[in-house]
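Please read these notes alongside the coordinates. They are short and follow no particular ranking.

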Amino acid sequence: MATLVLTTVGHVIGGPIGGALGALAGQAIDARLFRGAAREGPRLTELAVQTSSYGTQIPKLFGTMRVAGTVIWSTDLIETRTASRGGKGQPGTNTYSYAASFAVALSARPIIGVRRIWAEGKLLRGAAGDWKGRTGFRLHPGGEDQAVDPLIAAAMGATPAYRGIAYAVFEGMQLADYGNRIPSLTFEVEADAGPVVSGDVAAALAGEVSARGGTMLGGFAASGASVRGVLETLSVLDGGWWQPEGGRLVRRDDDGPALGVVDAGISGAGRRRTVASDAPREVTVAHYDAARDYQIGVQRMRRSGTRERVERIELPAVLDATVAKGVAAALIVRGEAERTRRRVGLGVDGLAVAPGAIVTIAGEAGRWRVASSSVVGLATTLDLVPLASGPAAAMPASSGIVLGAPDVVAGRTVLIVAELPSPPDRLLSGPRVSMLATGEGAGWRQAALLYSLDDGTSWMSAGASAAPATIGRIETPPVPASSLLIDRRSRIVVALLRADMALGDADAAGLAGMANLALLGDEVIQFERAEPLGGGRWALSGLRRGLRGTEAAIGTQSAGDRFALLEDDAIAAIDLPPAAIGRRVRFLASGVGDIDAPAAAELTPGGASVAPPSPVHVGAHVDDTGALTLGWIRRSRRGWGWNDGIDVPLAEEAEAYRVTIVSSDGVERSIATAVPRLTIGAAERPSGRAMVRIVQQGTFAASLPATLILEEGA
């Protein structure tokens, strides 16, 4: 008896490739393709977990797949220290951030590109190609002319170009969001343009394979201990098998031509049935499902019977749920059919019938596949398996509930820079600039901040922006009004930057707690009611005007001016030296959507953040001698709440005022005083109409003036 190189697998799950390689012609093919390797095909788990172990197999990808890849190179953590200045009497702080550079091998054959990227299950790169974080990403697609990566070469010296291997490099990827470690990454890799056919995958893996047709796959990952294992996996998908033909393996299926044979009854030929347990009652097909963001989907099919054996098939292929269900159904049908076996005995003419051939038996119905053959003397015995109903067909199925990672675009950074009045809870020792930033897309989270005191010659880090701010533009500005009364006349209309931004109402308690504080042009206001108008537009009413000493800006707004909600967690503060007052300061904000150019702004601080507010309640009195007495009440940059109802803290190194009297002919006279009143004798008192301006001299800057008009004869 001649010994077969590969005996039949004879099992619905393993597939019929073993028997197909029977006959002596299979010896040469076996030697070239398999070289004695264990018959082990690819598994789903190999693609789901990122590894860095030496010797880890890199799959050959086809179509579009989601893979974790293998880390093939990395640096140590890169530490960056950022120092920030403290306020007066306060120490500075050092903050540390960490980054890493590393390379991840994706495919052992060239690819077209990478689409989405997940980090710890969250999208790092969206479907639009936008990044959700800073990565320094670049891709080497695996061509034979692939150049050496400059970063790896600089770090290691002599290094290969990894030609034929597609890999991604991350340079200086920020790790704060991942516990300061390299996150587990998965990649949506496009290896080929569009779906691939299982037969084409087989042909690409070995030159000895000739395949036509098969199952349409969204993607496939070829790995495992041998080509044989991969081919068997592909045969499970499309219901075909492999037959030696000359020096090649040819894919065959149920629709192929059949040879007619006559059972001569030699060698005990006849029907025999296997036991029922040989065929599973339930088949479970695990696969990658594009509708589940290429995560594992499972489809099941059951047949009637009393046995409970369940067979699980792991297919490293991207299949629609309906196709996977069809594969499970086809395996059930095939397993049931192959419980019946047929043996025929032929004469010398049987030597021409090789394993894998399709035969019909004279006088009997049905078509059979030759599982194996044996020769004793001049007698040939063929073991036959009945052909099932054909390849898998799509069946109604569901991918289940899919909770995919949100894919929201960050967009470009929008930046507002303002010098707001001093906060009530801290006495500043230099001008403070408030930076509010957000993005054009809802996925925006943060931007790196820089500022320059020398017109862009050098730049200093200001850390990162705060929480995304609610920013927009004025469509309908308010009317002029008093800062002493609630403005019921104005109805401001603002258009927010994005439709997903929202404003809300505030009651008396909320307003007392500084809710709905907003910057409107250069004026700080509060609003009671916010009415949605649709499309990101809101109408604001019930206004408190000119808050925090900004009454001079009342009535200065125009359509198109800035609007920003002043929430503490959305404001990033930059404390500048006192010398910055009166000098132009430039600012940059760079987020993940600002690859081409960061958002830019500039501001010349006038000292509003460190200046006392202007005096109030200015009055004038002329006594019997004709002397003019001016009086006023000072305010404080630490006394916005007027908590004791009596006085406010000075908050300056000394109390000092400058009173300027402008006569009707334009002549100015300035007088200094250290108390909030001034008496001018009758001889020095201005004649005719005059204007009085009173400013409080602060430690770093003077207040805006409080004015009083003196009418003639007053």
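The points below go from the whole chain to one loop residue and then to one sheet.

1. The model is a predicted one. Its protein chain has 714 residues, and 48% of them count as buried. The secondary structure consists of eight helices and 44 strands.

2. Among contacts in the protein chain with a separation of 6 or more, 68% are made by residues 24 or more positions apart. The chain has an accessible surface of about 32200 Å², and carbon and sulfur atoms contribute 52% of that area.

3. D192 sits in a loop, with β9 (185-190) on one side and β10 (196-197) on the other. Leaving aside residues up to four places away in sequence, D192 touches L61, F62, G63, R109 and I112. With G63 there is also a polar contact: the D192 side chain comes to 2.9 Å from the backbone nitrogen of G63.

4. One open sheet has four strands in the order β28-β27-β36-β37, paired antiparallel. The edges are β28 (460-464) and β37 (599-603); each has a single partner strand, so one side of each is left without a neighbour in the sheet. On average, neighbouring strands of this sheet are turned by 20 degrees against each other, direction ignored.

5. Within that sheet, β27 (residues 448-452) and β28 run antiparallel and are joined by three bridges. Here Y451 stands opposite M460 of β28. As a general matter, the strands of a sheet pair through backbone hydrogen bonds, either parallel or antiparallel.

How values were computed: Residues are numbered from 1 along each chain as its sequence is written. This is a predicted model: local features need pLDDT of at least 70, side-chain atom pairs count only at pLDDT 80 or more; totals for chains, interfaces and linings use all residues. Side-chain values use heavy atoms; hydrogens and water are left out. Helices (H or I, at least four residues) and strands (E, at least two) are DSSP runs, numbered from the N terminus. Buried means under 20% relative accessible area, exposed over 50%, partly exposed in between (1.4 Å probe, protein chains only). Contact means heavy atoms within 4.5 Å. Accessible areas come from the Shrake-Rupley method with a 1.4 Å probe; for residues, only the protein chains shown count as cover. A polar contact is a pair of N or O atoms within 3.5 Å; within protein, one must be able to donate a hydrogen and the other to accept it, and residues adjacent in sequence count only if both atoms are side-chain atoms. Two strands pair if DSSP finds at least two bridges between them. Axes are lines fitted to C-alpha atoms, for helices over the stretch in contact, and angles run from 0 to 180 degrees between N-to-C directions.
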